[in-house]
Amino acid sequence: MSYVPNTAAQREEMLKKMGMSRIEDLFTTIPKAVRLNSELKLPDAKTEFEVLDELTAISEKNVVYKACFRGAGAYKHYIPSVVRHLSSREEFVTSYTPYQAEMSQGVLQTIFEYQTMVCELTGMNVSNAGVYDGAHAAAEAIAMFVDRRRGKAVVSGSIKPMTLEVIKTYCKSAGTTLVVVPSKCGKTDLEALQNAVDDKTACVYVEQINYYGIAEDMQSCADIAHSKGAKLIVGCYPISLAVLNTPAQCGADAAVGEAQCLGMPLSFGGPYLGFMAVSKAYTRKLPGRIAGQTSDKNGNTAYVLTLQAREQHIRREKASSNICSNEALCALVATIYCAAMGKGGLVEVAEQCTAKAHYAANRITQISGFDLKFDGFFFNEFVTACPTDVKKLMKKLEDNNILGGLPVDIDGETCILWCLTETNTVDEIDTLESILREAVK
């Protein structure tokens with residue numbers, strides 16, 4: 001029996017106010033095919049030994065490939081052993097809630113350090129404690145700038161498809177007008193962007209590096225946005241910021257992205273960590289937690305949650321977001337990773353990613369039919385044509401313990417988005433080339 005705190009009469013009164021007669025009427029917007037029945041058809045209970053055997057059998061179906069050439073937003077990077085050892089300590093895993101500042105100086109300091117590192121990477125002035133993932137960060141940033149006067153957001157068509165879907169969901173729910181500018185030659189069509197941005201546009205969202213691995217002309221994007229009074233939001237791949245111009249240097253008003261590459265394994269898709277940083281003028285618009293550094297009455301360094309008397313708490317009708325939490329443990333992992341790697345280590349990772357991607361692109365494109373689809377500088381991902389059946393090709397690679405690139409459709413043509421990181425070896429790249437060459441004979 002479950003405890004329901006209101007009476008049947010009270011429930012009927014609430015339903016009547018909403019113009020409904022049954023509880024089930026509340027769920028009519030959910031397709032019947034995905035609704036749960038009133039009774040769950042669960043199997044009979046099992047012993048602990050039986051459950052462990054069954055779970056072990058399921059886990060043995062997983063395949064971990066020796067070589068991985070797939071990215072598209074989730075990347076396999078080297079993770080120093082110290083990252084897992086430190087982040088798994090119980091004082092971090094079970095840390096006290098940051099809302100009780102006097103009890104949680106340690107976790108508040110780690111959040112403050114994380115925010116500092118995000119600002120150093122992006123060049124922005126202020127970071128929050130993070131949000132759920134990169135797609136969520138992009139959508140939250142758009143919601144942050146949209147208001148009654150400017151209710152339109154313009155998004156590049158060269159961003160990650162999953163991020164675009166999350167943005168569409170946010171905009172539809174909030175009544176925000178969303179315009180997706182098409183990509184041209186693998187980059188944002190600047191002429192189309194110019195035509196799309198007007199006096200009603202609140203912000204423009206572009207990714208650097210974009211979904212196809214190409215570097216955008218971010219300065220031009222910033223100029224177009226700012227010419228109409230709109231803000232520029234840049235979606236970033238943090239590793240690339242070790243060698244590329246920062247969003248701040250490109251004129252961005254906000255920088256967001258996915259921080260999974262900073263010490264988190266692929267892990268079947270999560271949990272991941274979205275980061276958000278803005279220039280100083282928009283500090284009070286940032287959703288979620290912000291940890292600040294101050295001094296106690298004795299002059300000792302102390303940490304607090306700052307800007308808490310904000311819309312999420314006391315003026316909710318003016319809020320752009322209802323998030324008041326963060327992926328604290330993932331933020332800690334990113335902090336330890338950045339500290340362990342240091343500035344020089346991050347630069348080396350970025351340089352290896354770029355060097356190996358360009359080496360691989362040079363080898364692959366020597367094979368007939370595997371031509372590069374787009375010109376321009378690419379960081380660690382690139383797109384090639386595929387002259388053979390892509391499913392058969394991927395199966396052949398899998399048979400050789402290799403996860404191939406991601407098949408993508410570009411103007412009706414099936415292509416492959418390849419990804420290289422510092423974890424790929426020259427031998428793996430040469431083996432990949434041999435298999436591709438054999439596949440088109």
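This is a short tour of a predicted model, with a suggestion at each stop for what to select next.

Begin with helix 1, residues 8-17, which is hardly covered, since the count of buried residues among its 10 residues is 1. Just after helix 1, select Gly19, whose phi is positive, near 75°.

Next, select Pro80, which sits in the loop between strand 1 (67-68) and helix 3 (81-87). Is Pro80 buried or exposed? Its relative accessibility is 11%, and therefore Pro80 counts as buried, the cut-off for buried being under 20%. If you leave aside residues up to four places away in sequence, Pro80 touches Tyr337, Ala340 and Met341. Now add Asn380 to the selection: Pro80 and Asn380 are 300 residues apart in sequence, and their C-alpha atoms are 21 Å apart in space.

From Tyr337 you can move into the largest nonpolar core, which has 53 residues, and in which Leu193, Val204, Leu232, Ile239, Leu262, Leu273 and Tyr337 touch the most other members. Among the elements that give two or more residues to this core are helix 5 (105-122), strand 7 (201-208) and helix 10 (328-364), and helix 10 supplies the largest share, 13 residues. In soluble globular proteins, nonpolar side chains tend to be buried together.

Stay in this core and select Val204, which touches Val154, Leu193, Val197, Ala225, Lys231, Leu232 and Ile233, again not counting residues up to four places away in sequence. For the last stop, select Ile367, Phe382, Trp418 and Leu436, which are among the 33 residues of another core that lies apart from the largest one.

Conventions
Residues are numbered from 1 along each chain as its sequence is written. This is a predicted model: local features need pLDDT of at least 70, side-chain atom pairs count only at pLDDT 80 or more; totals for chains, interfaces and linings use all residues. Side-chain values use heavy atoms; hydrogens and water are left out. A nonpolar core is a set of buried Ala, Val, Leu, Ile, Met, Phe, Trp, Tyr and Cys residues joined through side-chain atoms within 4.5 Å. Buried means under 20% relative accessible area, exposed over 50%, partly exposed in between (1.4 Å probe, protein chains only). Helices (H or I, at least four residues) and strands (E, at least two) are DSSP runs, numbered from the N terminus. Contact means heavy atoms within 4.5 Å.
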